[in-house]
Amino acid sequence: MEEICNTEQCTGCAACYSSCSHGAISMVVAKDGFLRPVIDKEKCVNCGLCIATCPVNKPAPKTEPIGTYMAWTGNESQRIASSSGGVFPAIATAILQQGGVVFGAAYDEHMNVRHSCIESIDELPLLQSSKYVQSDIHEAYRKTNAFLSQGRRVYFVGTPCQVAGLKNFLRKEYETLLTSDFVCHGCPSNDLFQKQIHAFEERYHSRVKNFSFRSKKRFGQGYDCELLLDDNRRRFLNAELVPYFYGFWKNITLRDCCYQCQYATTGRVSDITLGDFWTVKRYHKGTKTSKGISLIMANTQKGEEILSAIPELVLIPESLDVAIKSQGHLNHSVKMPTSHQTFMDSYSELSWEELRKSYLTPSTSYQQKMRLRNIVKILTLYKLWK
Ligand SMILES: Cc1cc2nc3c(=O)[nH]c(=O)nc-3n(C[C@H](O)[C@H](O)[C@H](O)COP(=O)(O)OP(=O)(O)OC[C@H]3O[C@@H](n4cnc5c(N)ncnc54)[C@H](O)[C@@H]3O)c2cc1C
């Protein structure tokens, strides 16, 4: 067997890797920096299970939302620590209180983004907040299966392609499994993120302990980066001027499949879809947004029931039409800029500095505009505080 699915459409969901009981598939960093399956022909028995499990070859079933809500959690500290309205930690807390386990994306000790499992509320901060990096599924599907087989409740959160990968891997429905995906812009690779982390470490002469793409400490909900260094120094960085994040914004560095995403639609593969309600003020004048407001969709009865059973969740019904107008990625994928292909073609040959200078640095006028915007934001907040 040469190929499990079309390379350009491969999402790196790792369903093939997880399904292979012969250990014949490894997820390996390819020339473009993304994890891709590689088959060891010596170990492969040509059973075809990897091909049959792959959601590119066999799309996971989708359902249209049955409820759409503007939402946030009444738990202030959880809401502030999350990217959006903190719906994820509210659901996760409910599942953990019932003795369940929660899977989501966390940083490991080297700042790699990897799917991890938590079993207590104390560990929740590890999973909270968006890491705009493709997470490594590693053993998460297999562990999910093991927990479900023991009768434990599992809440699994991931990109739509990861939730589809999990569903195909499990091959049957579990009443005890709850899944969330999110409206997804697309993902750059962990390999590229590592280059950015090393650049920070060189610049600040310290190991990076944590990185938030969506710190709410300075400006509330939005994109503001916060770097925590080993010596406990904190640095706030203008998100648009962080090279890694600039590549994400401008859609230069996303995985090939993200430009033709089969999940950029209202038909969803999960029980609950999470997302930001960026345009909330257009529809609900006077809403205070600084702590974060989500726009979420209940896609199944199970999703609807769990949402309505969480007392701290504020749920205000919204129309699907508003959701589609607010969330472009509910009906189209990101557009591929011409620089994407040249970036990927030269990725393995260029150093970080060369990639940064050629692709990940905004024009001087854009930099000035962003710096000025931050000064205005700081002064406005200072005025409000005074
Ligand atoms: C790569 C990416 C692209 C996104 N694009 C959009 C978008 O275009 N529009 C939009 O409205 N929302 C998008 N989101 C979702 C949004 O950023 C929030 O994560 C979501 O609204 C949930 O916020 P919350 O406050 O409820 O919970 P949070 O506490 O912020 O929880 C985030 C949840 O997502 C999981 N997660 C974080 N990073 C990853 C990752 N790299 N891979 C898989 N799971 C992860 C966490 O484990 C956690 O379960 C995106 C998220 C990611 C990670």
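**Stop 1: Ala140**

Start by selecting Ala140, which sits in helix 6. Keep in mind as you look around that this is a predicted model. Is Ala140 buried or exposed? Ala140 is buried, because its relative accessible area is 2% and anything under 20% counts as buried. Now show its surroundings: setting aside neighbours within four places in sequence, Ala140 is in contact with Phe103, His115 and Phe156. For a sense of scale, add Asp345 to your selection. Ala140 and Asp345 are 205 residues apart in sequence, and their C-alpha atoms are 31 Å apart in space.

**Stop 2: helix 6 against helix 7**

Next, colour residues 140-149, which form helix 6, and residues 160-170, which form helix 7. Turn the view until you can see both axes: they come within 10 Å and cross at roughly 50°. The two helices are therefore oblique to each other, and helix 6 passes helix 7 in a right-handed crossing.

Which residues of the two helices meet here? Show side chains for Tyr141, Arg142, Thr144, Asn145 and Leu148 on the helix 6 side. Across from them, in helix 7, select Cys161, Gln162, Gly165, Leu166, Phe169 and Leu170. Sorted by character, the residues of this contact are six nonpolar, four polar and one charged.

While you look at these helices, here is a handy idea. An α-helix has 3.6 residues a turn, so residues three or four places apart point the same way.

**Stop 3: Leu170**

Stay in helix 7 and click on Leu170. Its relative accessible area is 8%, so Leu170 is buried. Beyond its neighbours within four places in sequence, Leu170 is in contact with Asn145, Leu148 and Leu177. You met Asn145 and Leu148 at the previous stop, in helix 6. Try a distance label too: from C-alpha to C-alpha, Leu170 and Thr53 are 9.2 Å apart, with their positions 117 residues apart in sequence.

**Stop 4: Ile4 and Ala14**

Now travel to the segment before helix 1 (15-19), where you will find Ile4. Ile4 counts as buried because its relative accessibility is 8%. What does Ile4 touch, not counting residues up to four places away in sequence? The answer is Cys16, Ile25, Pro37, Ile39, Cys50, Ile51, Cys54 and Asn57. Pick out Ile39 from that group: it is 35 residues from Ile4 along the chain, and their C-alpha atoms are separated by 8.7 Å.

In the segment before helix 1 you can also select Ala14. At 4% relative accessibility, Ala14 is buried as well. Look at its backbone: phi of Ala14 is near 75°, a positive value in a residue other than glycine.

**Stop 5: Met111**

For another positive phi, go to the loop between strand 4 (101-107) and strand 5 (113-118), where Met111 lies. Phi of Met111 is near 70°, and this residue is not a glycine either. Met111 has a relative accessible area of 2%, so it is buried.

**Stop 6: helix 8**

Select residues 190-204 to bring up helix 8, which has 15 residues. How far does helix 8 reach from its first C-alpha to its last? The span is 21 Å, close to the 21 Å expected at 1.5 Å a residue. Highlight its buried residues: Asn190, Leu192, Phe193, Gln194, Gln196, Ile197, Phe200 and Tyr204. Then step past the end of the helix to His205, whose phi is positive, near 50°.

**Stop 7: helix 13**

Keep helix 8 on screen and add residues 338-346, which make up helix 13. Its buried residues are His340, Phe343, Met344 and Ser346. What covers them? The cover includes helix 8 and helix 14 (352-359), so show both helices together with helix 13.

**Stop 8: Asn374**

Finish in helix 15, residues 364-385, by choosing Asn374. Buried or exposed? With a relative accessible area of 9%, Asn374 is buried. Leaving out residues up to four places away in sequence, Asn374 touches Arg218, Phe219 and Asn238. Show those three side chains around Asn374 to complete the tour.

Terms used
Residues are numbered from 1 along each chain as its sequence is written. This is a predicted model: local features need pLDDT of at least 70, side-chain atom pairs count only at pLDDT 80 or more; totals for chains, interfaces and linings use all residues. Side-chain values use heavy atoms; hydrogens and water are left out. Axes are lines fitted to C-alpha atoms, for helices over the stretch in contact, and angles run from 0 to 180 degrees between N-to-C directions. Helices (H or I, at least four residues) and strands (E, at least two) are DSSP runs, numbered from the N terminus. Angles under 35 degrees count as roughly parallel, over 145 as roughly antiparallel, 65 to 115 as roughly perpendicular and the rest as oblique. A crossing is left-handed if the near helix is turned anticlockwise from the far one by less than a right angle, and right-handed if clockwise. Contact means heavy atoms within 4.5 Å. Ala, Val, Leu, Ile, Met, Phe, Trp, Tyr, Cys and Pro count as nonpolar, Asp, Glu, Lys and Arg as charged, and the others, Gly among them, as polar. The expected span of a helix is 1.5 Å times one less than its number of residues. Buried means under 20% relative accessible area, exposed over 50%, partly exposed in between (1.4 Å probe, protein chains only).
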